[in-house]
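I opened this notebook to record what I looked up about how two chains meet, and I kept the entries in the order in which I read them.

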Number of protein chains: 2
Amino acid sequence: MSELKMDLIDNENKKQKPDADKIAFGKHYSDHMFIMDYSTDKGWYDPRIVPYEPITLDPAAMIFHYGQTVFEGLKAYRTTTDKILLFRPEQNFKRLNLSSDRLSIPAIDEELALTYLKKLIEVEKDWVPQAEGNSLYIRPFIIATEPNLSLAPSETYQFMIILSPVGSYYKEGIHPVRIHVEDEYTRAVRGGTGKAKTAGNYAAAYKAQERATKEGYSQVLWLDGVEKKYIEEVGSMNVFFKINGEIVTPELNGSILEGITRMSIIELLKDWGIPITERKISLEELYEAYDQDKLEEAFGTGTAAVISPVGELNWGDRNMVINNREIGEMSKKLYDTLTGIQTGKVEDLYNWTVEVK
Amino acid sequence: MSELKMDLIDNENKKQKPDADKIAFGKHYSDHMFIMDYSTDKGWYDPRIVPYEPITLDPAAMIFHYGQTVFEGLKAYRTTTDKILLFRPEQNFKRLNLSSDRLSIPAIDEELALTYLKKLIEVEKDWVPQAEGNSLYIRPFIIATEPNLSLAPSETYQFMIILSPVGSYYKEGIHPVRIHVEDEYTRAVRGGTGKAKTAGNYAAAYKAQERATKEGYSQVLWLDGVEKKYIEEVGSMNVFFKINGEIVTPELNGSILEGITRMSIIELLKDWGIPITERKISLEELYEAYDQDKLEEAFGTGTAAVISPVGELNWGDRNMVINNREIGEMSKKLYDTLTGIQTGKVEDLYNWTVEVK
């Protein structure tokens, strides 16, 4: 690769790093961030690492009005031997471009983006936490910046990467969660933006989450937008079930996010010779399996939690308790293997990790 | 009403106003804007009119990541007797609150918001264009500003109003447009955010619009997200048809925007004693009516165009030419009446206009 051309403006006012025990998710940011601009005539230009600081936009910037924006989420982990590892970061930039395509945002060079990210992490290496279970959350995102109220794709954009040290998702051990089936609100539908990581999908989900929280549930289970019959996601995670020894997960249909943790789990299970099927799964089928004592495990998957076991599922007056509200054997094995690979404790047989030197 | 408490910081560097003939939509902004802040402990506070200037936000501000934002669009018109009129502005603030409810954004005081808007227009009265057909486009919007990557409603917001002088939508006379039926992409679905004016809905529609433009069409006709069978909207407008002497428009179903122009047209037609029905309309039904020579007119309705006649509708290999590609009698009468009331040329029998003194 040719020499990397990128400006670096050092932040002379370094912040104090938060206490490992007291880190709240997404509230602390490192000293620097990455920015790159886009215009229709120049393409992507001026990649730079600058002090973390507020950004200034015209009030008519299109991000505020028409929602042209995409993002990604991944983590950097510090191993016990003090290496810094990223987990399949090339998949995040690949997905960022897929999301951008849906939102009419210009693609970035995926390989260059990874180089920029690695450089940023290198500059901010002291921000990758030491403590067990902690990590540095990485948020790449693109926003439409042209000041224009016309309904058309923006002619200018900013691509940014910010970094946020985060604590362990499971400070008090893994406790299976209570899930509420959402049958009124819809997260996504075929032909919509469900498989894109774009802002609009997330705010649209708050209303259902608020109701679930009020009723004592942790997350909602989303059904398909067409028939309100098939399972799509749980909260902002993909979802898996173990039914009669077989693992099943909803097939990718355009409205389900194509999770990188999801993909890794499928690859692991295949490698382990465990039957895994991607297909439509109706809620009815799930309750039938439960009634026949065949529903053995259920878990959500995503970057934040990796694996989030489901202990209870509630659908109107039909309630099911899964695996006695305990984490299942398969969920545990997947969690240990994935987090083990991510943090360098388990040998990475799949070349998933990328070291930042 | 008690005395209005609001700061006003004058802009000493007034801009030159654009030529009436050369105004591009949404590219010029007036000298001042309105801002008000929200925090969970203070509620909405510090309403102020300040110079139009860039806003500064943390890169982790929630608007950039999770899309919690709503907006409105309305216009101020200058009458031939030099009065400034708003058209049903209380409806816009009512709808803004309905949109906010869907997006888990705190409500504003609708009456106060209108007072703030009137004060802003008063300060910027020279920005309301004189020229026939021109007007001052008003964009109220709310954005989530808390720097936090957690998936939860923001604890802080900004409500802003910016103003943009706009030219006549029909500089070269009203030409009926060619519309392409979109049967792959989906704009909205029941349980989603279709009836809210929120950013995510708009960027999601670009992909379909791009394809339609490439194929020589002006806009797309959106079908329902569930069955892909019933007509919902055209472009970013509501849609009406005249079939065999009766006017029909898709009924409000949660995924259709509740247009204020739409509402006004229904009220006008009822007042005129012309049959108007809000109901489901399938594309099949429309083509059948066309084949039987009963489809007399079709038009989109919205703040920008008021009435936009449809001259041609294309669905795969089925093409229909409506009213010989000319504006229909009813479309014309509605356009003349509505724009007449808005600009003070036609007596406002309905108390729809609000004067800014």
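**Entries on the interface of chain A and chain B**

I began with the polar contacts of this predicted model, and I noted that the count between chain A and chain B is 31 residue pairs, both residues being at pLDDT 80 or more.

I then looked up which elements give two or more residues to the side of chain A that touches chain B, and I found β4 (55-57), α1 (63-66), β5 (69-71), α2 (89-102), β8 (135-144), β9 (156-166), α4 (199-203) and α5 (206-214) of chain A. Sorting that side by class, I wrote down 32 nonpolar, 17 polar and 13 charged residues.

For the extent of the interface, I recorded that 62 residues of chain A are in contact with 62 residues of chain B, and that the two chains bury about 5000 Å² between them, with 60% of it on carbon and sulfur atoms.

Next I turned to charge pairs, where the rule finds 3 salt bridges across the interface; one of them joins the side chains of Glu146(A) and Lys27(B), at 4.0 Å from N to O.

I also followed β4(A), which pairs with strand β4 (residues 55-57) of chain B in the antiparallel sense over 3 bridges, and there I saw Leu57(A) opposite Ile55(B) in β4(B).

Last, I asked what turn lays chain A on chain B. A turn of 180° with a shift of 0.0 Å along the axis does so, with an RMSD of 0.0 Å, which means that the chains have the relation of a two-fold axis. I added that the same surface serves both copies, since 100% of the contact residues of chain A recur in chain B.

Key: Residues are numbered from 1 along each chain as its sequence is written. Chains are lettered from A and ligands numbered from 1 in the order in which they are written. This is a predicted model: local features need pLDDT of at least 70, side-chain atom pairs count only at pLDDT 80 or more; totals for chains, interfaces and linings use all residues. Side-chain values use heavy atoms; hydrogens and water are left out. Contact means heavy atoms within 4.5 Å. Buried area is the accessible area (1.4 Å probe) that two parts lose on being put together, summed over both. A polar contact is a pair of N or O atoms within 3.5 Å; within protein, one must be able to donate a hydrogen and the other to accept it, and residues adjacent in sequence count only if both atoms are side-chain atoms. Helices (H or I, at least four residues) and strands (E, at least two) are DSSP runs, numbered from the N terminus. Ala, Val, Leu, Ile, Met, Phe, Trp, Tyr, Cys and Pro count as nonpolar, Asp, Glu, Lys and Arg as charged, and the others, Gly among them, as polar. Two strands pair if DSSP finds at least two bridges between them. Copies are superposed by least squares on the C-alpha atoms of residues with pLDDT of at least 70 in both.
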